[in-house]
Amino acid sequence: MVNSRLEAPAVAVLGGGGGGAAAVRACAGCGGRIADRFLLFSMERYWHTRCLKCSCCHAQLGEFSSICYSKGGMILCKNDYIRLFGHSGACSACGQSIPASELVMRAQGSVYHLKCFSCATCRNRLVPGDRFHYVNGTIFCEQDRPGAALVALQGGSIMADQKVC
């Protein structure tokens, strides 16, 4: 499924791949005939074990009980899905889903829409090259960084200055 997260059992192992003409399937990865004893069925298509791979790191996803994720036409392992789209696939600021085709901004493992990546104080949008501060999960531009006294009162810690890449 495009634009949705698929979780276990996203990969099903089915028996009977090699018997009879009715059982012959084409692999969604390479297009070749699947004559293996077992078939992998994921994302409404059949695969050779070697062909069901993460689009980013190329890890084989055909192992029993593997979890596959699909977004924007990509097949992803769990680590790459989280790296690209965050834990939920949603913007950390507004909570809305992020379309697969949309560029994103990232800070400390969180993912944001471009329009949502803005200073909590002045609301100015931060763009690549801007320096910012990430304090207790909140983004501040370089000029609006809370003072050390304010952060100490809240019991938080200040992260090192960061730069939007």
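**Exercise 1. Aromatic pairs**

How many aromatic pairs does the count come to? Work out how two of them are arranged and where their rings sit.

*Solution.* Keep in mind that this is a predicted model.

Step 1. The count comes to three aromatic pairs.

Step 2. One of them joins Phe41 and Tyr46, with 4.8 Å centre to centre and 55 degrees between the planes, a tilted arrangement. Phe41 is partly exposed, at a relative accessible area of 25%.

Step 3. Another joins Phe117 and Phe132, whose centres are 5.4 Å apart and whose planes make an angle of 80 degrees. Planes over 60 degrees apart count as edge-to-face, and this pair is therefore edge-to-face.

Step 4. Now place that second pair on the chain. Phe117 is in the loop between strand S9 (110-113) and strand S10 (131-135), while Phe132 is in strand S10, so the pair links distant parts of the chain, 15 residues apart. Phe117 is buried, at 0% relative accessibility, and Phe132 is buried too, at 1%.

Step 5. Look for a further ring: ring pairs link Tyr112, Phe117 and Phe132 into a cluster.

**Exercise 2. The nonpolar cores**

Which residues have the most contacts inside the largest nonpolar core? Then trace the elements that supply this core.

*Solution.* A general point helps to start: in soluble globular proteins, nonpolar side chains tend to be buried together.

Step 1. The largest nonpolar core holds 18 residues, and those with the most contacts inside it are Trp47, Leu52, Leu61, Ile75 and Leu76.

Step 2. At least two residues of this core come from each of strand S4 (38-42), strand S7 (74-76) and helix H1 (78-85). H1 gives the largest share, three residues.

Step 3. Take Leu76 as a test case. Leaving out residues up to four places away in sequence, its contacts include Cys54, Leu61, Ile67, Tyr69, Tyr81, Leu84 and Phe85.

Step 4. There is also a second, separate core of 16 residues, and Tyr112, Cys119, Leu126 and Ile139 are among them.

**Exercise 3. The hairpin of S8 and S9**

In which sense do strand S8 and S9 pair, and over how many bridges? Describe the turn and the two faces of S9 as well.

*Solution.*

Step 1. S8, residues 104-107, pairs with S9 in the antiparallel sense, over four bridges. In this pairing, Ala107 stands opposite Ser110 of S9.

Step 2. Two residues lie between S8 and S9, which form a hairpin. In the turn, Gln108 has a positive phi of about 50 degrees.

Step 3. Turn to the faces of S9. Ser110 and Tyr112 are buried on one side, Val111 and His113 on the other, and both faces are covered.

**Exercise 4. Cysteines without a bond**

How many disulfides does the structure hold? Use Cys51 and Cys141 to explain the result.

*Solution.* Recall that a disulfide is a covalent bond between the sulfur atoms of two cysteines.

Step 1. The structure holds zero disulfides.

Step 2. For Cys51, the closest cysteine sulfur is in Cys27, 3.7 Å away. The cut-off for a disulfide is 2.5 Å, so the sulfur of Cys51 is too far from that of Cys27 for a bond. Cys51 is buried, at 18% relative accessibility.

Step 3. Cys141 is in no disulfide either, with the nearest cysteine sulfur, that of Cys119, 3.7 Å away. Cys141 is buried, at 6% relative accessibility.

Step 4. Cys141 also has a neighbour to check: Arg123 is 18 residues away in sequence and 8.9 Å away in space, C-alpha to C-alpha. Arg123 lies in the loop between S9 and S10 and is exposed, at 60% relative accessibility.

**Exercise 5. Positive phi in loops**

Where do Glu44 and Asn136 lie? Give the phi and the exposure of each residue.

*Solution.* Most residues other than glycine have a negative phi, and most peptide bonds are trans.

Step 1. Glu44 lies in the loop between S4 and strand S5 (45-47). The phi of Glu44 is positive, near 65 degrees, and the residue is exposed, at 65% relative accessibility.

Step 2. Asn136 is in the loop between S10 and strand S11 (138-141). The phi of Asn136 is positive, near 50 degrees, and the residue is partly exposed, with a relative accessible area of 43%.

Notes:
Residues are numbered from 1 along each chain as its sequence is written. This is a predicted model: local features need pLDDT of at least 70, side-chain atom pairs count only at pLDDT 80 or more; totals for chains, interfaces and linings use all residues. Side-chain values use heavy atoms; hydrogens and water are left out. A nonpolar core is a set of buried Ala, Val, Leu, Ile, Met, Phe, Trp, Tyr and Cys residues joined through side-chain atoms within 4.5 Å. Buried means under 20% relative accessible area, exposed over 50%, partly exposed in between (1.4 Å probe, protein chains only). Contact means heavy atoms within 4.5 Å. Rings of Phe, Tyr and Trp (its six-membered ring) pair if their centres lie within 6.5 Å; planes under 30 degrees apart count as stacked, over 60 as edge-to-face and the rest as tilted. Two strands pair if DSSP finds at least two bridges between them.
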